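Visitor: I'm new here and I'd like to see how the labels get earned. Could you show me the structure, and then I'll ask?

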Amino acid sequence: MNDGDGHGSPPLRLDGITKQYDGGGGTVTALDDVDFTVERGEVTAIMGPSGSGKSTMLNMLGLLDDPTTGSVELLGERVAALSARERTDVRRKRVGFVFQDFHLIPTLSAVENVRLPTRFLDADYTDRAVDLLGRVGLADRLRHTPDELSGGQKQRVAIARSLINEPDVLLADEPTGNLDRDTGEAVLGEIQTIADAGVGVVAVTHDSLVGEYADRTVELVDGVLDG
Ligand code: ADP
Ligand code: MG
């Protein structure tokens, strides 16, 4: 694996991705020949109804599952060529995740949650965690645990956590799904700021609000990407 920044390559690219699941009821084609490029500095919304393949596509982009056919390229390199260990490493370094239900550890403070992805590293990331929490407007909530935070604050902690490793790509699964409209707008504002700093952001959603904030919106229908 080239450990450089991939030079001019896009951070992530899906090339002819098909994903099929074989189950009791037969084969389901969750993604059908999808081409998609994540661009730096851009927020893309992937919209589509339930069952259209959004989570499956996010799993492909996040290197969490293998396609049936087609290739995933991270910074111009085919992910299929990597060992499981290398894949975990590049995911940790290059990709940040934000989820609808935040995925925070309830017993840990905001700072501890944000620095958690760095627990296997030698350096102490506390200062960076504090800095990131300040950037998302939570400088006065560092020691609060998730149950002491509002939904919007929890999502901002999760966004700060997703940035701790300075990822090239931020993947968000329904980031505003559990938030009211005003709070959702504030969180989307944070996400736009992250993209402005050069990160490629992909949000899968059926919230039209996310579409309003996105630089680009593509539609998934029955596993086929349009746009
Ligand atoms: P979305 O996130 O848009 O709701 P999904 O990506 O979760 O859609 O699912 C797309 C299709 O693939 C659906 O028909 C779903 O039933 C099917 N599917 C998803 N995951 C699995 C799986 N692990 N096994 C079998 N079928 C699956
Ligand atoms: Mg889903």
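Visitor: What makes up the shell around ligand 1 by class: how many nonpolar, polar and charged residues?

Guide: First off, this is a predicted model. The shell has 3 nonpolar, 8 polar and 1 charged residues. Glycines count as polar here, and Gly23, Gly48, Gly51 and Gly53 are among the residues surrounding ligand 1. Lys counts as charged, and Lys54 is in that shell too.

Visitor: Which element gives the most to the shell around ligand 1?

Guide: Helix 1, with 3 residues. Strand 1, strand 2 and helix 1 each supply at least two.

Visitor: Why is strand 7 called largely enclosed by the rest of the structure?

Guide: Being buried takes 20 or more other C-beta atoms within 10 Å of a residue's own. In strand 7, residues 169-173, 5 of the 5 residues are buried, so the rest of the structure largely encloses the strand. Val169, Leu171 and Asp173 point one way, Leu170 and Ala172 the other, and all are buried.

Visitor: How do you know that strand 7 pairs with strand 6 and strand 8?

Guide: Pairing needs at least two bridges. Strand 6 and strand 7 are joined by 5 bridges and run parallel, with Phe97 opposite Leu171. Strand 7 and strand 8 are also joined by 5 bridges, and they run parallel; there, Asp173 has Val204 as its bridge partner. Both pairs therefore meet the cut-off.

Visitor: What makes a right-handed β-α-β unit here?

Guide: Strand 7, helix 6 (residues 181-196) and strand 8 make it. The unit is called right-handed because, with the strands pointing away from the viewer, the path from the first strand over the helix to the second runs clockwise.

Terms used
Residues numbered from 1 in each chain as written. Chains lettered and ligands numbered in written order. Predicted model: local features only at pLDDT ≥ 70, side-chain atom pairs only at ≥ 80, totals over all residues. Buried ≥ 20, exposed ≤ 12 C-beta atoms within 10 Å, placed from the backbone. Helix = DSSP H or I, 4+ residues; strand = E, 2+ residues; numbered from the N terminus. Near = placed C-beta within 6 Å.
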